[in-house]
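Let's take a friendly look at charged contacts and a surface patch. Have the model open beside you as you read.

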Amino acid sequence: MKHILFVFFCVVSFLFLIAAQPFGVRPQPRRVPRLETALVTGSGSSGQLGLENTVQANVPTFIPFPNIQASNAYWVVEARAGGAHSLLKTENQTMYAFGANNRGQLGISTSSNVPVQVFQPNTSCIHAGADHTLVITSAHVLWAWGDNTYGQLGYATPQGFSNTPQLVNFGGNVLIGNADGGTGHSLAISLDGYLYAFGRNDYGQLGLGTQSTSNPT
C-alpha cells in the first residue's frame, strides 16, 4: 500500500446563538452541519487517490465530491485503502470505490480514478485487502469480490477473480460482525464470537497448518 486515506472531521458540533437570548437566560445549543470528507496522500498511479488524475499527492488532499455540503449522501464516515484501490462509506451507508480494478477489486467492470458507487445494499462495514474487497451489510452478511487466487473471497471463481459482489457462505445462520482482508487471505468474526479464516496460508496465516482454503473455517 503506497497511499493513505483518512476521514476528516471539520468545524463545530454546536454553535451557541446568544444575541437573541434575553439577559439571564441560558443560551440553547444549536447544531450546525459538520463537513465530513476524506483526505488522501501518496501514490495515485492507479487512480487510488480519487483525484481525477494519477499524480502523486505529497500533502493531504481532499477527495472532490459533488455537492458535499448540500447532501448527507456525501458525508464520508469510513475509508479503507487496499494495495492500489480505495473504498469509502458515506453516512447513508452508500459505498464508493476507485483505483485499480485489474482483479475486479472495485466490483465493477472498469477501473475508475474518481469515486463511483459500487454496492447497492446498505453497507455497515467496508474492508480492503491487497487486491480484494469485503463488505458487511446491515443484515450482518459478508460480500466479497476481487482477486481470488488463493480463495480469499470465500467461494470458488473459475477465472481466479470476480468483479461482481457475491455472498460468502459460512453455513447455517452465521451473522458476521467484523471482517478484514490481507494479502491473499481474509478473516471474519461472527456476532457470537467465532473467528473464520480463508485464503492464502503458505505461512500459516490462517492458523490452520499450511493448507490454503476457500471455505470459511
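Which residue forms a salt bridge with E78, the closest N and O atoms being 3.1 Å apart? The partner is R80. Please keep in mind that this is a predicted model.

## A network around E78

E78 also forms a salt bridge with K89, where the closest N and O atoms are 3.5 Å apart. E78 sits in strand β6 (residues 76-81) and K89 in strand β7 (residues 85-90), so this pair ties together parts that are 11 residues apart in sequence. E78, R80 and K89 are thus linked in a network of salt bridges.

How covered are these side chains? E78 counts as buried at 12% relative accessibility, and K89 counts as buried at 10%. R80, on the other hand, is partly exposed, with a relative accessible area of 34%.

## A bridge from loop to strand

The structure holds four salt bridges. One of the salt bridges joins the side chains of R103 and D147, at 2.9 Å from N to O. R103 lies in the loop between β8 (95-99) and β9 (112-119), while D147 belongs to strand β12 (residues 142-147), so the contact ties together parts that are 44 residues apart in sequence.

Here R103 is partly exposed, at 24% relative accessible area, whereas D147 is buried, at 9%.

## A nonpolar patch

Turning to the surface, L187, I189 and L195 make a nonpolar patch of about 250 Å². L187 is found in strand β15 (residues 185-190). With a relative accessible area of 31%, L187 is partly exposed.

Technical notes
Residues numbered from 1 in each chain as written. Predicted model: local features only at pLDDT ≥ 70, side-chain atom pairs only at ≥ 80, totals over all residues. Heavy atoms only, no water. Patch = residues over 30% accessible without salt bridge, like charges linked within 9 Å, V, L, I, M, F, W, Y side chains within 5 Å. Areas by Shrake-Rupley, 256 points an atom, 1.4 Å probe, with all protein chains shown as cover. Helix = DSSP H or I, 4+ residues; strand = E, 2+ residues; numbered from the N terminus. Buried < 20%, exposed > 50% of the residue type's maximum accessible area, 1.4 Å probe, protein only.
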